[in-house]
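This report walks through one protein chain, beginning with its sheet and moving on to its salt bridges and surface. Please keep the sequence and the structure at hand while reading.

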Amino acid sequence: MADKRIILLASDGSSTRIIFHHLYSRFLIHTVILEKKESRKAVIKRRIKKLGFWKVAGQIAFQLLVVKYLNIRSAKRAKQIIKDGHLNINPIPAEKIVKVNSINEERVTELLLKIQPDLVIVNGTRIISKKILTAIKCPFINTHTGITPMYRGVHGGYWALVNNDKENCGVTVHLVDAGIDTGGSLYQAKIFPTRDDTFVTYPLLQTAEALDILTRAATDVLQNNLRVQNKSGGSRLWYHPSIGQYFYNRIFRKIK
């Protein structure tokens, strides 16, 4: 598979770096296309339109107050997960990176057509347009921090724990389509949080657990052995918790 080309479409962050270094030791990662983080104003405006002002205000309060505290409180646990999982969070080599404002801009189409990858791996981007997904004839696969279709959207591990649904607390590698985490499932794996884990370490556990199944999925694609698993269960799209939801779940359901 040394001649097979992979492109990584991603936003910069620890999960993208972990995934890159894990795959780079096994496959030919030709290019990493990193999109610029969307402006907070644009994100908030879109959320308000979808969820309403007060819901979004509660989410912002949670992110500004609780998440910052949890990042400090959980720093030791995060370091332990990184150490135990042999996760590499060093920067991606600059010569591998192409930076774009949006993953959906015309330059990305041009790069895909020029490179003609055998596989595109997605991580942490905004929703990818149909134009990008159909620009080339190769699979796009994504690592989702939740078990689909029950936990689409964000923070699937956290919401599964809130629902006392430990059987569906995990991570999914799936095909990317025009929907939100609606593509066919390739592999899934569970995580097993400890008493020291919190809202901010669940995604790190999920990324660590995803590496093996992502490798298997990539190998399947490159060996023309791709198989989609049909998953049953209700489908629901989850959002960021508000500060009120978080404290309710922490006090009454003991989910940190």
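Strand β2 is mostly covered, with 6 of its 8 residues buried, in what is a predicted model. This strand, residues 28–35, runs parallel to β1, residues 5–11, and 7 bridges join the two. Along this pairing, isoleucine 6 stands opposite isoleucine 29 in β2, and alanine 10 stands opposite leucine 34 in β2. β2 is also joined to β3, by 4 bridges and again in parallel, and here valine 32 faces isoleucine 97 in β3 as its opposite residue.

Both pairings belong to an open sheet of 7 strands in the order β3-β2-β1-β4-β5-β7-β8, whose pairing is mixed. Because β3 (97–100) and β8 (185–190) stand at the edges with a single partner strand each, one side of each is left without a neighbour in the sheet. On average, neighbouring strands of this sheet are turned by 20 degrees against each other, direction ignored. In a regular strand, side chains alternate between the two faces of the sheet. β3 shows such an alternation: Val98 and Val100 point to one face and are buried, whereas Ile97 and Lys99 point to the other and are not.

Two helices that pack on the sheet can be described next. Helix α1, residues 14–24, packs there by touching β1, β2, β4 (119–123) and β5 (140–144), and its direction makes about 170 degrees with that of β2. Helix α5, residues 106–115, touches β1, β2, β3, β4 and β5, and its direction makes about 150 degrees with that of β3.

The structure holds 6 salt bridges, among them the three listed here.

| Side chains | N to O distance |
|---|---|
| arginine 77 and aspartate 197 | 2.8 Å |
| glutamate 106 and lysine 131 | 2.7 Å |
| glutamate 167 and lysine 190 | 3.3 Å |

The pair of arginine 77 and aspartate 197 links distant parts of the chain, 120 residues apart, with arginine 77 in helix α4 and aspartate 197 in the loop between β8 and α8 (202–222). Are these two residues, arginine 77 and aspartate 197, buried or exposed? Both arginine 77 and aspartate 197 are buried; for arginine 77 the relative accessibility is 17%, and it counts as buried because that value is under the 20% cut-off. Not counting residues up to four places away in sequence, arginine 77 touches Thr194, Asp196, Asp197, Thr201 and Leu205.

Glutamate 106 lies in helix α5 and lysine 131 in helix α6 (residues 130–133), so their salt bridge ties together parts that are 25 residues apart in sequence. Glutamate 106 is partly exposed, at a relative accessible area of 41%. In the remaining listed pair, glutamate 167 sits in the loop between α7 (156–162) and β7 (170–175) and lysine 190 in strand β8, 23 residues apart. Glutamate 167 counts as exposed, with 57% relative accessibility, whereas lysine 190 is partly exposed at 29%.

Turning to helix α9 and what follows it, isoleucine 251 has its place in that helix, residues 243–252, and together with Phe247, Tyr248 and Phe252 makes a nonpolar surface patch of about 450 Å². Lysine 256 lies in the segment after α9 and is partly exposed, with a relative accessible area of 27%. Leaving aside neighbours within four places in sequence, the contacts of lysine 256 include Leu70, Asp196, Asp197, Tyr202 and Arg250. Its C-alpha atom is separated by 9.3 Å from that of valine 162, although the two residues are 94 residues apart along the chain.

Key
Residues numbered from 1 in each chain as written. Predicted model: local features only at pLDDT ≥ 70, side-chain atom pairs only at ≥ 80, totals over all residues. Heavy atoms only, no water. Buried < 20%, exposed > 50% of the residue type's maximum accessible area, 1.4 Å probe, protein only. Contact = heavy atoms within 4.5 Å. Pairing = 2+ DSSP bridges. Axes fitted to C-alpha atoms, helices over the stretch in contact; angles between N-to-C directions. Patch = residues over 30% accessible without salt bridge, like charges linked within 9 Å, V, L, I, M, F, W, Y side chains within 5 Å. Areas by Shrake-Rupley, 256 points an atom, 1.4 Å probe, with all protein chains shown as cover. Salt bridge = Lys/Arg side-chain N within 4 Å of Asp/Glu carboxyl O.
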